[in-house]
Amino acid sequence: MLKKIEKQLEQFVRSEIAGIHRIQMTNGTMYLLLDKPGDCDFVHKEIRTFYKENINPEGGVNMYAVGDEFAFDFVEGNKDNYTDEPLDSIADTMMNLEADAKEGK
């Protein structure tokens, strides 16, 4: 990904989305540590909307939980894993798995 686009995305997240504890761009992937992991779906939607409206109308944004962070990959075409339908939050799933691991399940 071009550095110019990476800077655009990073600037958008820093200035327009509250609750970001840490942001890092590595090899075209944006890693975010959120103050409230439950906000991940909202953040995903905001980043995806910005990306499609300002950078690549045909592109998409995939979100993955990576430890305590969320990774956002920017993809060509409309091949992202975003959906407008309500689903169990990735953060909720992640927290449930962590709780199960602590309990030895």
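Is V75 buried or exposed, and at what relative accessibility? Let's start there, everyone. V75 sits in strand β4, and at 18% relative accessibility it counts as buried, because the cut-off for buried is under 20%. Please keep in mind that this is a predicted model.

So who are the companions of V75? Take G60, which belongs to strand β3, residues 60–66. Between the C-alpha atoms of G60 and V75 there are 5.2 Å, although 15 residues separate them along the chain. G60 is buried too, and its relative accessible area is 0%. Now look at G28: it is 47 residues from V75 in sequence, and the C-alpha atoms of the two are 9.9 Å apart in space.

Let me stay with β3 and β4 for a moment. These two strands make a hairpin, with 2 residues between them. In the turn you will find G67, whose phi is positive, about 65 degrees. The two strands pair in the antiparallel sense, and 7 bridges hold that pairing. For one example, find V61 and look across to β4: F74 stands opposite. As for cover, β4 is mostly hidden, with 6 of its 7 residues buried.

Now let's step back to the sheet. It is an open sheet of 4 strands, in the order β1-β2-β4-β3, and the pairing is antiparallel. Which strands are at the edges? They are β1 and β3, each of which pairs on one side only. From one strand to the next, the twist averages 20 degrees.

Inside the sheet, β2 and β4 run antiparallel and are joined by 4 bridges. If you want to find that pairing on the screen, try T29, whose bridge partner in β4 is D73. Another place to look is L32, which has F70 of β4 as its bridge partner.

Two helices pack on this sheet. α1 touches β1, β2 and β4, and its direction makes about 175 degrees with that of β1. α2 touches β2, β3 and β4, and here the angle with the direction of β3 is about 150 degrees.

Let me show you α1 in more detail. It covers residues 3–16, so 14 residues, and from first C-alpha to last it reaches 20 Å, close to the 20 Å expected at 1.5 Å a residue. Which of its residues are buried? They are E6, L9, F12 and V13. Looking down the axis of α1, you see these buried residues within an arc of 130 degrees, so they line one face of the helix. Turn to the other side and you meet K3, K4, K7, Q11 and R14, which are exposed. And what covers the buried residues? The cover includes β1 (20–26), β2 (29–34), α2 (40–54) and β4 (69–75).

One of those buried residues, V13, deserves a closer look. Setting aside its neighbours within four places in sequence, V13 is in contact with I20, I23, M30, L32 and I47. V13 also appears in the largest nonpolar core, which has 19 residues. The residues with the most contacts inside that core are V13, M30, L32, V43, I47, F72 and F74. Which elements give two or more residues to this core? The answer is α1, β1, β2, α2, β3 and β4. The largest share, 5 residues, comes from α2.

I'd like to finish out in a loop, with N27. This residue lies between β1 and β2, and at 78% relative accessibility it counts as exposed. Its backbone is worth a look as well: the phi of N27 is positive, about 50 degrees, although N27 is not a glycine. For background, most residues other than glycine have a negative phi.

So, to retrace our path: we set out from V75, buried in the model, went across the hairpin of β3 and β4, through the open sheet of 4 strands, along the buried face of α1, into the nonpolar core of 19 residues, and out to the exposed N27. Thanks for listening, everyone!

How values were computed: Residues are numbered from 1 along each chain as its sequence is written. This is a predicted model: local features need pLDDT of at least 70, side-chain atom pairs count only at pLDDT 80 or more; totals for chains, interfaces and linings use all residues. Side-chain values use heavy atoms; hydrogens and water are left out. The expected span of a helix is 1.5 Å times one less than its number of residues. Buried means under 20% relative accessible area, exposed over 50%, partly exposed in between (1.4 Å probe, protein chains only). The arc is that of the directions from the helix axis to the C-beta atoms. Contact means heavy atoms within 4.5 Å. Two strands pair if DSSP finds at least two bridges between them. Axes are lines fitted to C-alpha atoms, for helices over the stretch in contact, and angles run from 0 to 180 degrees between N-to-C directions. A nonpolar core is a set of buried Ala, Val, Leu, Ile, Met, Phe, Trp, Tyr and Cys residues joined through side-chain atoms within 4.5 Å.
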